[in-house]
Amino acid sequence: MKRDERLFFNVFRLITALFLLLSLAVFYFATTEKVNILRITLLILTFVFIFISIITALSIFIIHNIVKGKKISRLSSWLIKKVLTIIYPLLVYISDIFKIDIDSIRRVFANVNNFLVMTKNIKVDNNEILILLPHCLQSSECPYKITTDINNCRMCGKCDIKDIINLCNRYNVTAVVATGGTLARQWIKKMRPKAIIAVACERDLCSGINDVRVLPVLGVINKRPNGPCFDTKVDVTKLEEAIKFFIKEDK
């Protein structure tokens, strides 16, 4: 994880530096421009880029505290959530340009999101929690379709679906299998949960977190011993911890 954090902060610092360079470049053109309207416009852009640079620099400091497990204020939590939502596409784009491991960036993004969610006292009823699962958790040898109903699982134990169903039955929560973002959104619209626990790869998880902005989402990154999107695994203990976080204490 330290490698992931180092890459994440390096990309964030690079973005901050780019905005500072942009502000200097725009300011230079503003001082050489003789047309007043254009000059004022360039000066406004200069201050905008400087403001963005300050915000991203402040975000680096706050996120550093987050990954170190330190408490942050509600204002800091709100700021980081907004900044990450806006700047995430730029983080991915810059990482792609400089051939940086994008999944490292996504893992830190998901962990920071989980931290921000867990700083809030979010407690809901059992039936208001929705667990979203990827289809690749199901054994590739299984002939039974569970995307319409996870209870079609025959509980053979060849994949983690059996353990997940047992976990859901124990806590009386709902789990569904989605083959993609569109189906996941349909399940959310149909079930209308107040809290979501999502299992996915880094790319799909971060994409889903950004899509579902109005609901708290705790993400669990799946394990891929057989490669991407094929017979994947999940740490069921982490799923249980997420359920316990959301569920009301009297339940």
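**Exercise 1.** State how many residues of domain 1 are in contact with how many residues of domain 2.

*Solution.* Start with the bounds: domain 1 is 1-119 and domain 2 is 126-246, as given by an automatic or database domain assignment. Next apply the contact rule, heavy atoms within 4.5 Å. Twelve residues of domain 1 then touch 15 residues of domain 2. The model is a predicted one, where local features need pLDDT of at least 70, side-chain atom pairs count only at pLDDT 80 or more, and totals for chains, interfaces and linings use all residues. Residues are numbered from 1 along each chain as its sequence is written, and side-chain values use heavy atoms, with hydrogens and water left out.

**Exercise 2.** Find the area buried between domain 1 and domain 2, and name three residues that supply part of it.

*Solution.* Buried area is the accessible area (1.4 Å probe) that two parts lose on being put together, summed over both. For these domains the value is about 1,200 Å², with 64% on carbon and sulfur atoms. On the domain 1 side, Thr85, Arg106 and Val117 supply 34% of the area buried against domain 2, more than any other three residues.

**Exercise 3.** Identify the salt bridge between the domains, then the helices on the domain 1 side.

*Solution.* A salt bridge needs a side-chain nitrogen of Lys or Arg within 4 Å of a carboxyl oxygen of Asp or Glu. The count between the domains is one. Arg107 and Glu202 form a salt bridge, their closest N and O atoms 2.9 Å apart. Helices are DSSP runs (H or I, at least four residues). On the side of domain 1 that touches domain 2, α3 (74-97) and α4 (102-118) each supply at least two residues. The most come from α4, with nine.
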